[in-house]
Amino acid sequence: MSDDIVARYENVSKDYDGVKVVSDLTFDIRRGEFLSLLGPSGSGKTTTLMMLAGLQSPSSGNIFLDGRPIVGIPAHQRNIGVVFQNYALFPHMSVGENVSFPLRARRTARAEIARRVRESLEMVQLGPLIDRWPGELSGGQQQRVALARALVFDPSVVLLDEPLGALDRQLRENMQLELKQLHRQTGITMIYVTHDQGEAMTMSDRVAVFDQGRILQCSAPERIYNAPESRFVAEFVGENNRFSGTVETVDAAECSVRTDDDVRIRAVHGGHVAAGDAVQVYVRPERIEVGGAAATRDNSFQVPVLDAIFLGDHTRLKVAMPGHPEVTVKRNFLDDADDLPAAGQTATIGWSAQAARVVTH
Amino acid sequence: MKIVFRIWVVLGFCFLALPLLAIIPLSFTSGQYMYYTPEMLALDPAGYSTKWYTAVLTSPDWLMAVKNSLLIGLGAAAVATICGTLAAIGLSWAGTPAKGLWTMLILLPQIVPIVVIAGGLFAAFGDLRLIGTYTGIIIAHTVLAAPVAVITIRASMDRFDWNLVAAASTLGANPLYTFRTVTLPLVRPAIIAGAIFAFATSLDEVVVIQFIGAYQQKTIPIQMLIGLREHLSPAILAVATMLIGFALVVILLGETLRRRSLAIETPKK
């Protein structure tokens, strides 16, 4: 295993009472990256995390940390920091005692403990609260104590299990930026479990999309969004318009798809398509143009507008296409505020081949 | 509605407490028998004295009973609390199989008629040569007191956040260190309350001890029974009054501990 891989899952499966929660997972975690495990609840992402922490053990397969197999090694010998969903702060210990706990458990020298606790608390901007009790802190502050406690002992990896789930929206967005900042500052590998795609997109170097115990795609947020490799990823992340059809002709990067309702769409493919394949074509609502240049795009259609909803920074149009009664179009307010059609009118919409993505499964 | 409810509560308390309150003045009688003398009713100071307290506290019989009660009670409470704590932790841990069955087995001594248990212990202890020994009585009282300890500690363990144990292990604490620094401090008030109730169970027990105890092991309630049988001496009332006082202190202590354990747990919202 090369040096830039901090942890590796090899054919890892986990089942509870015969139900497979994680199935045959194989992937690497790169040293220093911020990796999000994104998926709906019950998709196996938390179980995947807890198997690395040592709080659950795989039914089969192997997990490596820094090159060594760790299945069977108890959690307290793994040197992995975990931030739990409900923070799991010790209610009978002060903030300082909570943060020094991992160092005391390791019998670190007293002076060293004092120094590192102070450093960690300053890192999360809680220095002055060292003598407070967890019960006296706000949710955001408790979250920071949990972070400081998980970072203070210099773990190989820090695992975060939906740590912002209990916070309100405003605080959540602030904490996202702070976490990202903390990641840059410490350079420590962070694995972040979330069901919130926005959160995964903002913070991550890579996102692993989970569904039914499998990773469907693990790549940079831009690729997850713009080049989904499966129906699930295309539909789970962001909004998408879907057309199903059959491939007619294939070029190097593009292909022609005839939809089930006889509409021809030019789209890019990621390879592995042949004429005659049944595929899905996805077009993001914001990639569809209206009026003007729309008529000159690779894909251009005259469509009735069903609805136009003004939402401040953008306007949302619902248009009808053959076999697709509700195609969503999202137009930025400043772009073409004046020429947007109203409900009941007919409009020209269009998108380039690059804006449409073929997905085979 | 509220007033009716309050009246009911007050009546209920009176029903429970009046017999006890009636005993207390009578224990200060200067007479020889267990009844309110005309002098007492007239509130004549001559009708009152502390002579029965003096009698109890200077009687070798009573002092022996107190010593036995303490020895047996503390012994049984100690063993019952240790076993009860371990059992309560095991019963509240998610991974324990057949919890229902274990709970039933542990609580059995509280459900089976006490005479049946006493008879069974008498039969079993005969062969083991435990009849008439402190060891035998402490074992018997442990069996009776452990369920009480388990119930008390279990109530607190059920609110215990096992995530804290998981967190401690990821932070590098081995199971023993975690138990010592996380689990134990958080359930300690419940454990002490459990120990108090276990001690009270032993202190109160009069049936089993008559089967398997010897005269030398007579405890306070046995001495009271003897006193009642032989001569209805107001000394028993003096002992009863002291026991009531003791029980009040114990209950207040237990309640304080219970509140404190709640206070520690409430900060998590």
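**Helix α4 of chain A**

I began with the burial of α4(A) in this predicted model. I listed its buried residues: Gly139(A), Gly140(A), Gln142(A), Gln143(A), Arg144(A), Val145(A), Ala146(A), Leu147(A), Ala148(A), Arg149(A), Ala150(A) and Leu151(A). That makes 12 of the 13 residues, so the helix is largely enclosed by the rest of the structure. Two arginines, Arg144(A) and Arg149(A), are among the buried residues.

Next I checked the length of α4(A), which covers residues 139-151. At 1.5 Å a residue, its 13 residues should span 18 Å. The end C-alpha atoms are 19 Å apart, which agrees.

**Chain A as a whole**

I stepped back to the full chain. Chain A has eight helices and 20 strands. Its C-alpha trace spans about 75 × 45 × 35 Å along the principal axes. How much of chain A is buried? Buried residues account for 52% of its 361 residues. I also looked at contacts between residues at least 6 apart in sequence; in chain A, 66% of these join residues at least 24 apart.

**Strands β14 and β20 of chain A**

I turned to β20(A), residues 356-359. Are its faces covered or open? Both are covered. Ala356(A) and Val358(A) lie on one side, Arg357(A) and Val359(A) on the other, and all four are buried. This fits the usual pattern: in a regular strand the side chains alternate between the two faces of the sheet.

Then I looked for the partner of β20(A). Strand β14(A), residues 278-283, runs antiparallel to β20(A), and four bridges join them. One pair I noted is Val283(A) with Ala356(A), its bridge partner in β20(A).

**A four-strand sheet in chain A**

I traced an open sheet of four strands in chain A, in the order β2-β1-β4-β5, with antiparallel pairing. Which strands stand at the edges? They are β2(A), residues 19-30, and β5(A), residues 68-69. Each has a single partner strand, so one side of each is left without a neighbour in the sheet.

I followed the β5(A) end further. Strand β4(A), residues 60-65, pairs with β5(A) over two bridges in the antiparallel sense. Leu65(A) has Arg68(A) as its bridge partner in β5(A).

**The cavity**

I searched for enclosed space. Rolling a probe the size of a water molecule over the atoms shows where empty space is left. The structure holds one cavity of 30 Å³ or more. The largest cavity contains about 40 Å³ of space. I wrote down its lining: Glu162(A), Leu164(A), Gly165(A), Arg172(A), Thr194(A), His195(A), Asp196(A) and Glu199(A). By class, these are one nonpolar, three polar and four charged residues.

**The largest pocket**

I moved on to open space. The largest pocket holds about 610 Å³. I found 20 residues in its lining; Leu55(A), Trp93(B), Trp162(B), Val165(B) and Ala166(B) lie nearest its centre. Both chains appear in that short list.

Which helix gives the most to this lining? It is α9(B), with four residues. Helices α4 (60-92), α8 (163-170) and α9 (175-204) of chain B each supply at least two. I sorted the lining by class: 12 nonpolar, eight polar and no charged residues.

**The second largest pocket**

I repeated the lookup here. The second largest pocket has a volume of about 470 Å³. Its lining has 19 residues, with Ala200(B), Thr201(B), Leu203(B), Asp204(B) and Glu205(B) nearest the centre. Helices α5 (99-111), α9, α11 (220-230) and α12 (235-265) of chain B each give at least two residues. The classes here are 15 nonpolar, two polar and two charged.

**Two residues of α4 in chain B**

I ended with two residues of α4(B). Thr81(B) lies in this helix, and so does Val79(B). Is Thr81(B) buried or exposed? Its relative accessible area is 8%, under the 20% cut-off, so Thr81(B) counts as buried. Val79(B) has 38%, which makes it partly exposed.

I listed the contacts of Thr81(B), leaving aside neighbours within four places in sequence. They are Ala149(B), Ile153(B), Ile191(B), Gly194(B), Ala195(B) and Ala198(B). For Val79(B) I took one distance. Its C-alpha atom is 9.6 Å from that of His141(B), 62 residues apart along the chain.

Conventions: Residues numbered from 1 in each chain as written. Chains lettered and ligands numbered in written order. Predicted model: local features only at pLDDT ≥ 70, side-chain atom pairs only at ≥ 80, totals over all residues. Heavy atoms only, no water. Expected span 1.5 Å × (residues − 1). Buried < 20%, exposed > 50% of the residue type's maximum accessible area, 1.4 Å probe, protein only. Pairing = 2+ DSSP bridges. 1 Å grid on protein atoms, 1.4 Å probe; cavity = no way out; pocket = protein on both sides within 12 Å on 5 of 7 lines; lining within 4 Å. Points joined across faces, edges and corners; volume = space filled by probe spheres on them. Nonpolar A, V, L, I, M, F, W, Y, C, P; charged D, E, K, R; others polar. Contact = heavy atoms within 4.5 Å.
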